[in-house]
Amino acid sequence: WDMSALYRALDGLDPSQYREAMNACLKATDLNARFAGLYTIGARWGQTDPEGALTFCQTLGNSMQRAQAIASILGGWAEKDPAAAMAYAKQLPAGQVRYQALTATASTVASHDPQAAVAFMNSLPAGQALQGLVYSVFNQWASTSPNDAAAAALQLSPGYRDQAVGIIASAWANQDVQAAYAWA
């Protein structure tokens with residue numbers, strides 16, 4: 001599947017056509033194409049009309065597709081209004097939908113404002129969802145500013161601190177290996 005073709009097609013859509021485009025993606029037999037389409041269209045729809053997009057999600061009978069669609073919509077929404085997207089994700093009931101929504105929102109926020117993503121993460125109760133957020137936030141942050149990410153990681157509680165430091169060390173090592181290959 002060609003992401004550039006998907007982006008070109010999406011650029012040609014009017015926002016009133018997002019519902020129809022999402023329904024078309026849901027019928028795709030190629031799972032990768034379905035996921036890419038749901039994510040891309042959902043993120044764009046989340047940027048322009050998150051309430052309408054989330055209302056559409058309530059019509060989806062397949063819980064896995066609903067979770068993917070909601071996560072992509074919140075990722076797009078977080079681009080335009082991070083506070084509203086974070087508040088919406090936090091109020092979702094416990095479960096897969098909430099977990100994916102929190103992760104997508106935190107990852108998007110981390111790409112623009114990692115400190116806000118850490119504050120969001122710290123506002124949540126400890127547990128499996130928080131472990132996923134630690135990965136999402138610190139992996140994103142370490143790719144752009146490993147020193148700052150490391151300083152913030154050292155402020156976390158011990159279990160999450162160790163996880164974040166491991167993520168940052170891995171990202172840092174990967175960057176060094178890539179730089180060494182480029183140099184050689």
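This passage describes helix packing, cysteines and selected residues in a predicted model.

The helix pairs come first. Helix α5 covers residues 63-80, and helix α7 covers residues 96-112. Their axes come within 8 Å of each other. The crossing angle is roughly 25°. Angles under 35 degrees count as roughly parallel, so α5 is roughly parallel to α7. The crossing of this pair is right-handed. On the α5 side, the contact is made by Ala-67, Gln-68, Ile-70, Ala-71, Leu-74, Gly-75, Ala-78 and Glu-79. On the α7 side, the residues are Gln-96, Val-97, Gln-100, Ala-101, Ala-104, Thr-105, Thr-108, Val-109 and His-112. By class, the contact of α5 with α7 has nine nonpolar residues, seven polar residues and one charged residue.

Helix α5 also packs against helix α6, which spans residues 82-91. The angle between these two helices is about 145°, and their axes are 6 Å apart. From α5, the residues in this contact are Leu-74, Trp-77, Ala-78 and Lys-80. They meet Pro-82, Ala-84, Ala-85, Tyr-88 and Ala-89 of α6. Eight residues of the contact of α5 with α6 are nonpolar, and one is charged. No polar residue takes part in this contact. Leu-74 and Ala-78 of α5 thus appear in the contact with α6, and both are also listed in the contact with α7.

Helix α7 has a further partner in helix α8, residues 114-122. The axes of α7 and α8 come within 6 Å and cross at roughly 150°. Angles over 145 degrees count as roughly antiparallel, so α7 is roughly antiparallel to α8. Leu-102, Thr-105, Ala-106, Val-109, Ala-110 and His-112 make the contact from α7. Pro-114, Ala-116, Ala-117 and Phe-120 make the contact from α8. This contact has eight nonpolar and two polar residues. Charged residues are absent from the contact of α7 with α8. Thr-105, Val-109 and His-112 of α7 belong to the contact with α8, and these residues are also listed in the contact with α5.

Leu-102 gives a closer view of α7, the helix in which this residue lies. Leu-102 has a relative accessible area of 1%. Buried means under 20%, so Leu-102 is buried. Leaving aside residues up to four places away in sequence, Leu-102 touches Ala-89, Lys-90, Phe-120, Leu-124, Ala-129 and Leu-133. Among these, Phe-120 is one of the α8 residues in the contact with α7. Leu-92 is ten residues from Leu-102 along the chain, and the C-alpha atoms of the two are separated by 9.1 Å.

Two residues in other helices are partly exposed. Phe-35 lies in helix α3, residues 31-48. Its relative accessible area is 44%, which places Phe-35 in the partly exposed class. Phe-35 and Ser-72 are 37 residues apart along the chain. Their C-alpha atoms are separated by 9.8 Å. Ser-170 is found in helix α11, residues 158-183. At 49% relative accessibility, Ser-170 is also partly exposed. Ser-170 and Asn-139 are 31 residues apart along the chain, with their C-alpha atoms separated by 8.8 Å.

The cysteines were examined for disulfides. A disulfide requires a pair of cysteine sulfur atoms within 2.5 Å. By this rule, the count comes to zero. Cys-25 is in no disulfide, and the nearest cysteine sulfur, that of Cys-57, is 13 Å away. For Cys-57, the closest cysteine sulfur is in Cys-25, and the distance is too far for a bond. Cys-25 is buried, with a relative accessible area of 12%. Cys-57 is buried as well, with a relative accessible area of 0%.

Note on methods
Residues are numbered from 1 along each chain as its sequence is written. This is a predicted model: local features need pLDDT of at least 70, side-chain atom pairs count only at pLDDT 80 or more; totals for chains, interfaces and linings use all residues. Side-chain values use heavy atoms; hydrogens and water are left out. Buried means under 20% relative accessible area, exposed over 50%, partly exposed in between (1.4 Å probe, protein chains only). Axes are lines fitted to C-alpha atoms, for helices over the stretch in contact, and angles run from 0 to 180 degrees between N-to-C directions. Helices (H or I, at least four residues) and strands (E, at least two) are DSSP runs, numbered from the N terminus. Angles under 35 degrees count as roughly parallel, over 145 as roughly antiparallel, 65 to 115 as roughly perpendicular and the rest as oblique. A crossing is left-handed if the near helix is turned anticlockwise from the far one by less than a right angle, and right-handed if clockwise. Contact means heavy atoms within 4.5 Å. Ala, Val, Leu, Ile, Met, Phe, Trp, Tyr, Cys and Pro count as nonpolar, Asp, Glu, Lys and Arg as charged, and the others, Gly among them, as polar.
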